[in-house]
Every structure is written in C-alpha cells, then in structure tokens.
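Thanks for coming, everyone. Let me walk you through one structure. Have a look at the screen, and then I'll start.

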Amino acid sequence: MQLNFEELRNLLVTLGQTDIGELTIKSADFELTVRKGVQVSSQTTAIESTAAGSGGVPSVELAPPIAINPAPSPVAPESRPSMGATPAASPTVASVDKSKWLDVTSPMVGTFYRAPAPDEPPFVDIGDRIRNGQTVCIIEAMKLMNELEAEVSGEVMEVLVQNGEPVEYGQVLMRVNPG
C-alpha cells in the first residue's frame, strides 16, 4: 500500500473533522496510528518514525485542537520570519508584555493564505486592530478555502507563517495582544 504526502494530509484533515479518536492503518511495509486528544510533550505535532526494515513502527500523535490559546511563554521566538514586517516596523520588545499575547492556531492541516487573492491586500498586518469574528486568514484544505475568524479582539503582534506555506494542525499562525 502506497500513501503519499497529499493522501496523508487529506486523511488527517478528514479525521480532524470527525469524532474518530484513533485510526490504525497496517500494511506489509508500515503501520500508521493516528490519535486525537493525546498529550504530547511539545506544542507541535509529534511524529516518531523508524525505518520499516528495522522492525519499528511509525506513529503519529496529534495534540487536541485549540483555535486560540494563551502564549506558551513570555519569550516569543524572534528568529521566525514575520510576513510583511520590517525590523523597523516591529514593536519594541522592552515595551510589550508578551506573556499576555494569545496564539491564533491552525484548526486543520492546509495551506496558509494571508489575502483573499494574490493581488489583494492581506486580511491583517502586524499592528492592525482586529475584532472577534473578523477574518484573519484563509486555510486551504482539500481545495476548500476556509476563512479563519479571530476569537479575540486585539492587536496583531506577529505573523509567524509565510503566505502560501503549508501549516500543521495546531500550528501557531499569529500572535495577538488582547484588549
């Protein structure tokens, strides 16, 4: 049985939209187990894999879905590129309390788009004020354009994903300073 990346991606998106808690696929070459709602030590999707010839079994575990959650630490990774931001446009780190920022995360696996069309301006930029229910980006999954709406009002502080970049389930897309 062959399973390419796109088929795996579609499978994960479909499973994310169902009540199925665990799925195992077995073949002569590999075994794949997907579990929802399993606590993992890191904030991103944990993937453990071993070579099929070594007798090991690949395993994929997904963290539970959360659209917006408190930022994990007061120190945000500064090495991540922010789309549309220049160093001069970034807020001064000393004057901003990052511990209050909220993460906007991807509710599905897909492709991240900042604007409704390539020739149109992005839904939000760093420094923009957003309100609850406002569209902040689009996640394309299985040829469907899913508008992601803000679940909090505040100021967009960081955009952590580049336009057109694939995103994981639960991946942080942007950070918002509520208020």
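One term before anything else. Two strands count as paired when DSSP finds at least two bridges between them. You will hear about bridges a lot.

Now, a caution. This is a predicted model. The average pLDDT of the protein is 73, and 64% of the residues score at least 70. One stretch does worse: across residues 39-94 the pLDDT is below 50. That stretch still has 99 contacts in the model beyond near neighbours in sequence. Keep the low score in mind when you look at residues 39-94.

The overall picture next. The protein has 179 residues, and 35% of them count as buried. There is one helix, and there are 13 strands. The helix comes at the N-terminal end of the order, and the strands follow. Take the contacts between residues at least 6 apart in sequence: 64% of them join residues at least 24 apart. On the outside, the protein exposes about 10300 Å². Carbon and sulfur atoms supply 53% of that area.

So, the helix. How far apart are the end C-alpha atoms of helix 1? They are 16 Å apart. Helix 1 covers residues 5-16, which is 12 residues, and at 1.5 Å a residue it should span 16 Å, so the two values agree.

Which residues of helix 1 are buried? Arg 9, Leu 12, Val 13 and Leu 15. Look down the helix axis and these buried residues fall within an arc of 165 degrees, so they line one face of helix 1. What do they pack against? Strand 1 at 22-26, strand 2 at 31-35, strand 7, strand 9 at 135-141, and strand 12.

Three of those strands, 7, 9 and 12, turn up again in a sheet. Four strands make up this open sheet, in the order 10-9-7-12, and the pairing is antiparallel. Strand 10, at 144-149, is one edge, and strand 12, at 166-167, is the other. Each edge strand pairs on one side only. As a general point, strands of a sheet pair through backbone hydrogen bonds.

Let's cross the sheet, from the strand 12 edge. Strand 12 pairs with strand 7, residues 110-113, through two bridges. There, Gly 110 has Val 167 as its bridge partner. Next, strand 7 is joined to strand 9 by three bridges. In this pair, Thr 111 is bridged to Glu 140. Then strand 9 meets strand 10, with six bridges between them. Along that border, Ile 138 stands opposite Glu 147, and Ala 141 stands opposite Leu 144.

Strands 9 and 10 also form a hairpin, with two residues between the strands. In that hairpin Met 142 takes a positive phi, near 55 degrees. And how many residues of strand 9 are buried? Seven of its seven.

Three single residues to finish. Start with Thr 111, in strand 7. Is Thr 111 buried or exposed? Buried: its relative accessibility is 13%, and the cut-off for buried is under 20%. Setting aside residues up to four places away in sequence, Thr 111 touches Arg 9, Ile 138, Ile 139, Glu 140, Gly 164, Glu 165 and Pro 166. You met Arg 9 already, as one of the buried residues of helix 1. Glu 140 is the bridge partner I mentioned.

Next, Gln 134, in the loop between strand 8, at 129-130, and strand 9. At 16% relative accessibility, Gln 134 counts as buried too. Beyond neighbours within four places in sequence, its contacts are Phe 123, Val 124, Arg 129, Leu 148, Glu 149 and Ala 150.

Last, Pro 121. Where is Pro 121 found? In the loop between strand 7 and strand 8. Pro 121 is exposed, with a relative accessible area of 60%. Not counting residues up to four places away in sequence, Pro 121 touches Ala 115 and Pro 116.

To sum up: one helix and 13 strands, and a four-stranded antiparallel sheet in the order 10-9-7-12. The buried residues of helix 1 line one face and pack against strands that include 7, 9 and 12. Thanks for listening.

Methods
Residues numbered from 1 in each chain as written. Predicted model: local features only at pLDDT ≥ 70, side-chain atom pairs only at ≥ 80, totals over all residues. Heavy atoms only, no water. pLDDT = per-residue confidence, 0-100. Contact = heavy atoms within 4.5 Å. Expected span 1.5 Å × (residues − 1). Buried < 20%, exposed > 50% of the residue type's maximum accessible area, 1.4 Å probe, protein only. Arc of directions from axis to C-beta. Areas by Shrake-Rupley, 256 points an atom, 1.4 Å probe, with all protein chains shown as cover.
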